[in-house]
Amino acid sequence: MNTTPNKQSYPLPLFVDLDGTLTRSDILFESFFELVKSNPLYVFLVLYWAINGKAYLKQKIADKVDIDASILPYQSNLVEYLHHEYTTGRKIYLATASNKKYAQIIAQHFGIFTDIIASSTNINMSGKRKLAAIKEVVGDGEFEYAANSMVDMPIWEHSQTCILVNPSRKTERLAKHRFIVTHIFKDQPANIGRYFSAIRIHQWMKNILLFLPLLTAHKINEAGLIVDTLFGAIAFSFCASSVYILNDLLDLSADRNHSRKRKRPFASGDIQLLHGVLMIPVLLLLSLLIAAFLSEEFLVVLIFYFLVTLAYSFALKRIVLIDVLVLAGLYVIRVIAGSAVSGISLSFWLLAFSMFIFLSLALAKRSAELVSLRRDEKNNTVGRGYIVQDLDYLHSMGTASGYMSVLVMALYINSPNVMALYPNPEIIWLICPTLLYWISRVWLKTGRGEMPDDPLVFAFKDRQSQILSVIVAIITISATNIS
């Protein structure tokens, strides 16, 4: 085995792979999700295109979808190295199995590549075909190849030297043993925390809403119902996470144009898109299996929730006001799911209160995004239909909806059936000013730009909200027990 490269009077031409090397993402997956986002029915066309070969599939997708090379997650240390090599006069080629259209867009973005080698309608430029194309360029000359995985081994075998980019341990070990490795560029590998971030485990707190029917019916002390509801919350968590991942894959370009969302695991390239594709069905299947063991009614509610979230991800989130109504509805569905899994009938009052309070929180979520845009001196949301000028209207609607929920609470206290649950319902009146304060504070923080994207998650983490929750619990217990 050689240990040093042959001395050259000129630098070796450098051929650079694209997917997983120059970029931390995969262009085929990137373009596929952009295509499906434009029309979900393209999934069926993609299956037909795939029958005709991978090169044909890539070409057909490229014919319909553009990519923005400026926002792709690149391997920054490799990019810096390539720019340095370019200034020395070295010839650098982009050699990729991605479609030629995308390779040209990326090459033009950097302006450092002498030429490109890429897939066309009839040729998938990978493996031996890529090696043959490289040989056509260099003839009998030597070259260096930068890539990332085991599939690149056949090309490294014919290269004088090689560059490794984020290789697996096995790839790195074999390459060092068999080839002359001049550089190794590595990022920190994605830790388990990034996967927890991808499934948005912190959002699972929302599913505590399934326990609301138990609380309002005063059956929170029944162990069997608690266990069933807990498993129902777990099923909803898995289902929601599968959709969160799908939503992130569909929103890659929008997230990368967002000051904070661009740091999400898939948008940043910290987690491979393929991993997300595999996680979606696994999480959904776990969710459905748990639901099937609980009850048919709960399973139906869960499937309905999943279908609504799909509709939201593909289309409804881009329709002004419809999106916030759907978001509020998804919260209400959680409450309905709690009723389905526990067998406790929902009251009119709980549904009415839920509708108004969750609409207020959904509007706060959109307003928080617009406040962030205004701070970044942008006007339009990417992938949404809102503009910064909508802030005042959303604020008015959100506060009004929040205060309406307090009105529903007040009417509930005066309803005849409340006496059956609360011997001293007049004490519950103290909940109304408490709730008014909390809603007003949520909207004040939203206007100041101090509200994260999800107000409900904020409520679980915020110290004042926690204190107010304890106060509400004390008020409720007092109204129940004092005679």
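## The largest pocket

Helix α21 puts in the largest share of the lining of the largest pocket, with 10 residues. This is a predicted model, and the pocket comes out at a volume of about 1,600 Å³. Of its 44 lining residues, Leu 212, Leu 215, Thr 216, Phe 353 and Val 472 sit closest to the centre. The elements giving two or more residues to this lining are α10 (212–216), α17 (348–375), α18 (391–413), α19 (431–448), α20 and α21 (463–481).

So what does the wall look like by class? It splits into 32 nonpolar residues, 12 polar and no charged.

## The second largest pocket

Next up is a pocket with a volume of about 1,300 Å³. It is lined by 46 residues, and Asp 19, Gly 20, Asn 148, Ser 149 and Gln 272 lie nearest its centre. At least two lining residues each come from α1 (27–38), α3 (54–64), β2 and α14 (273–294). Here the lining has 17 nonpolar, 18 polar and 11 charged residues.

## The sheet

Strand β2 also belongs to an open sheet of 6 strands, ordered β3-β2-β1-β4-β5-β6 with parallel pairing. At the edges are β3 (115–119) and β6 (181–185), each paired on one side only. From one strand to the next, the twist averages 15 degrees.

Strands β1 (residues 14–16) and β2 (residues 92–99) share 3 bridges in the parallel sense, and Val 16 stands opposite Leu 94 in β2.

## How far to trust it

Average pLDDT is 90, and 96% of the residues score at least 70. Among the elements, β1 has the highest mean (97) and α20 (residues 455–461) the lowest (82).

Residues 1–9 stay under 50, with 13 contacts beyond four places in sequence. Where pLDDT is low, the predicted coordinates shouldn't be read in detail.

Key:
Residues numbered from 1 in each chain as written. Predicted model: local features only at pLDDT ≥ 70, side-chain atom pairs only at ≥ 80, totals over all residues. Heavy atoms only, no water. Pairing = 2+ DSSP bridges. Helix = DSSP H or I, 4+ residues; strand = E, 2+ residues; numbered from the N terminus. Axes fitted to C-alpha atoms, helices over the stretch in contact; angles between N-to-C directions. pLDDT = per-residue confidence, 0-100. Contact = heavy atoms within 4.5 Å. 1 Å grid on protein atoms, 1.4 Å probe; cavity = no way out; pocket = protein on both sides within 12 Å on 5 of 7 lines; lining within 4 Å. Points joined across faces, edges and corners; volume = space filled by probe spheres on them. Nonpolar A, V, L, I, M, F, W, Y, C, P; charged D, E, K, R; others polar.
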